[in-house]
Amino acid sequence: MNKLIPREFYMSEDSVSVARNLLGKLLVVPASDGTRVSGMIVETEAYMGITDRGAHSFGGRRTARNEVMYLEGGRVYVFFVYGMYYQFNVVTGPAEHPHAVLIRGVEPVEGIEIMRERRGAMKDKNLTSGPGKLCIAMAIDRDLNGEDLLGSRVWLEEYRTFSDDEVSSGPRIGIDYAGEDTLNPWRFWIKDNIYVSKKKGLP
DNA sequence: TGTCCGATTGGT
DNA sequence: CCAATCGGACAG
């Protein structure tokens, strides 16, 4: 067990497939005392580089914020948004190929008590069911930006796999400004899992 | 330097 | 439905 995901997994240029295959992987971010805090990935979105109007790297945009998107696959891209939330991404593909996969939901596996403390008086179903929520629960912030997923501060492990009939896909969330790219089915999630983020207004 | 707005969330 | 809350991107 505890099988580390190797570099090759992240190096694929097919970021949509990587997003699909990240489902079921275990995201591990040890607490400061070394305690394992982890969650199984249940929802992802692919951001497809310079041709994707929804991506920070659209049009070749390259700034201090998104610089790590241009590194080789297997790096962590963390950014801050809405004045209060962080978002955790996995960089994919070779260097100078600024694709990434946003992790939008995880199911708590280890260290759930620590997650509860970090999230305050929230019901368990709200601990990690959204990209901002899981960053709070797993103590992911700006400090992890650029970190290597083959290092010792944050990494992914094999955990379990899901067949295609257990997985759904559809348009990404919160990118209404992306024009013709808004409707691309680049979001993936595990059917019926309660840690998939809830879109406002849906059951 | 000034303005606009966001890969969200939680409460009304 | 909407406020919170502030850094990044870009215009000037």
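This is a quick tour of chain A, its nonpolar core and its surface near DNA strand B. One point before we start: the model is predicted.

Let's take the overall fold. Chain A has four helices and eight strands. Going along the sequence, the order is α-α-β-β-β-β-β-α-α-β-β-β. How compact is chain A? Its radius of gyration is 16 Å, and the globule rule gives 17 Å for 203 residues, so chain A is as compact as a globular protein of that length. Along the principal axes, the C-alpha atoms fill a box of roughly 45 × 40 × 35 Å.

Contacts next. Take those in chain A with a separation of 6 or more: 63% of them join residues 24 or more positions apart. On burial, 42% of the 203 residues count as buried.

Now the core. The largest nonpolar core holds 50 residues. Which of them touch the most other members? Val-42 and Val-90 do. Look at Val-90. Leaving out residues up to four places away in sequence, Val-90 touches Tyr-10, Leu-22 and Val-76. Val-90 also touches Ala-100, Val-101, Ile-103 and Leu-149. As background, nonpolar side chains in soluble globular proteins tend to be buried together.

Last, the DNA. There are 23 residues around DNA strand B. Which come nearest? Tyr-47, Leu-102, Gly-130, Gly-132 and Gly-174. Three elements give two or more residues to this surface: β4 (85-92), β5 (99-110) and α4 (131-137). And the make-up by class? The surface near DNA strand B has twelve nonpolar residues, nine polar and two charged.

That's the tour. Over to you.

Technical notes:
Residues are numbered from 1 along each chain as its sequence is written. Chains are lettered from A and ligands numbered from 1 in the order in which they are written. This is a predicted model: local features need pLDDT of at least 70, side-chain atom pairs count only at pLDDT 80 or more; totals for chains, interfaces and linings use all residues. A nonpolar core is a set of buried Ala, Val, Leu, Ile, Met, Phe, Trp, Tyr and Cys residues joined through C-beta atoms within 7 Å. A residue is buried if 20 or more other C-beta atoms lie within 10 Å of its own, exposed if 12 or fewer, and partly exposed in between; C-beta atoms are placed from the backbone. Two residues are in contact if their C-beta atoms, placed from the backbone, lie within 7 Å. A residue is near a molecule or strand if its C-beta atom, placed from the backbone, lies within 6 Å of it. Ala, Val, Leu, Ile, Met, Phe, Trp, Tyr, Cys and Pro count as nonpolar, Asp, Glu, Lys and Arg as charged, and the others, Gly among them, as polar. The radius of gyration is taken over C-alpha atoms; the globule rule is 2.2 Å times the number of residues to the power 0.38.
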